[in-house]
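Visitor: Could you take me through the charged side chains here, piece by piece? I'd like the cut-offs too.

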Amino acid sequence: MGKTLIITLIVLVTLLISGVAIARFKGYCAGPEGRISWMTERIGKQLDLDDSQHHQLTALKDQIVLSVNELRRDRSSYVDQAIDLLESPDFDREQARTLLMQKQAQLASLSSDVIDAFADFSDNLNQGQRDKLQSMIRHHREHRHCKFACDDGEQLSIGNSDAPHLTD
């Protein structure tokens with residue numbers, strides 16, 4: 001019994017260590033830049049891109065990384081301003097609206113750049129590659145983001161007595 005337990009533990013630890021090593025190697029644990037690099041490599045292989053298409057995909061990846069870094073750089077400033085709003089005796093609604101409008105303008109500007117880069121990439125794909133990309137996106141959505149239900153029409157309701165509560 002003791003030998004079996006030790007052997008089982010060794011096998012489990014070995015599997016765990018190798019799983020973590022594979023995940024780190026493939027970019028799963030490498031932060032946003034590592035994940036986007038892993039994803040663009042995967043897309044490039046699955047779509048069998050030519051040099052021009054690969055260049056457009058690289059430009060898209062670079063634009064996403066640039067946008068993420070800009071958002072990350074400004075995050076602490078927005079958080080500090082929000083904390084200042086909460087620390088004041090009266091919540092300054094106009095300042096909060098101004099802060100929100102500034103953030104929305106920044107997101108709109110960065111989104112526009114990413115959309116343009118994606119459009120350039122997408123416009124260079126042939127119909128077969130486009131169909132494959134759509135299939136990949138659907139598969140990702142269904143297997144990564146819809147663990148319970150993918151009913152986009154379902155909305156939250158206020159005061160729903162059937163909803164689970166924290167104390168349940």
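Here is a walk through the salt bridges and a charged patch.

Guide: First, the ground rules: this is a predicted model, where local features need pLDDT of at least 70, side-chain atom pairs count only at pLDDT 80 or more, and totals for chains, interfaces and linings use all residues. Residues are numbered from 1 along each chain as its sequence is written, and side-chain values use heavy atoms, with hydrogens and water left out.

The chain has 5 helices and 0 strands (DSSP runs, H or I of at least four residues for helices, E of at least two for strands, numbered from the N terminus). Let's go to helix α4, residues 93-123. R97 and E94 both sit in it, 3 residues apart, about one turn of the helix. Their side chains form a salt bridge at 3.2 Å, N to O (a side-chain nitrogen of Lys or Arg within 4 Å of a carboxyl oxygen of Asp or Glu). R97 is partly exposed at 44% relative accessibility, while E94 is exposed at 52% (buried is under 20% relative accessible area, exposed over 50%, partly exposed in between, with a 1.4 Å probe and protein chains only).

Helix α4 also holds D113, partly exposed at 34%. D113 joins D116, D120 and D123 in a negative surface patch (residues with over 30% relative accessible area and no salt bridge, like charges joined within 9 Å; Asp and Glu count as negative, placed at CG of Asp or CD of Glu).

The count of salt bridges is 2. R73 pairs with D74, closest N and O atoms 3.3 Å apart; R73 is exposed at 56%, whereas D74 is buried at 19%.

Key:
Patches are made of residues with over 30% relative accessible area and no salt bridge: like charges are joined within 9 Å, nonpolar side chains (Val, Leu, Ile, Met, Phe, Trp, Tyr) within 5 Å. Accessible areas come from the Shrake-Rupley method with a 1.4 Å probe; for residues, only the protein chains shown count as cover.
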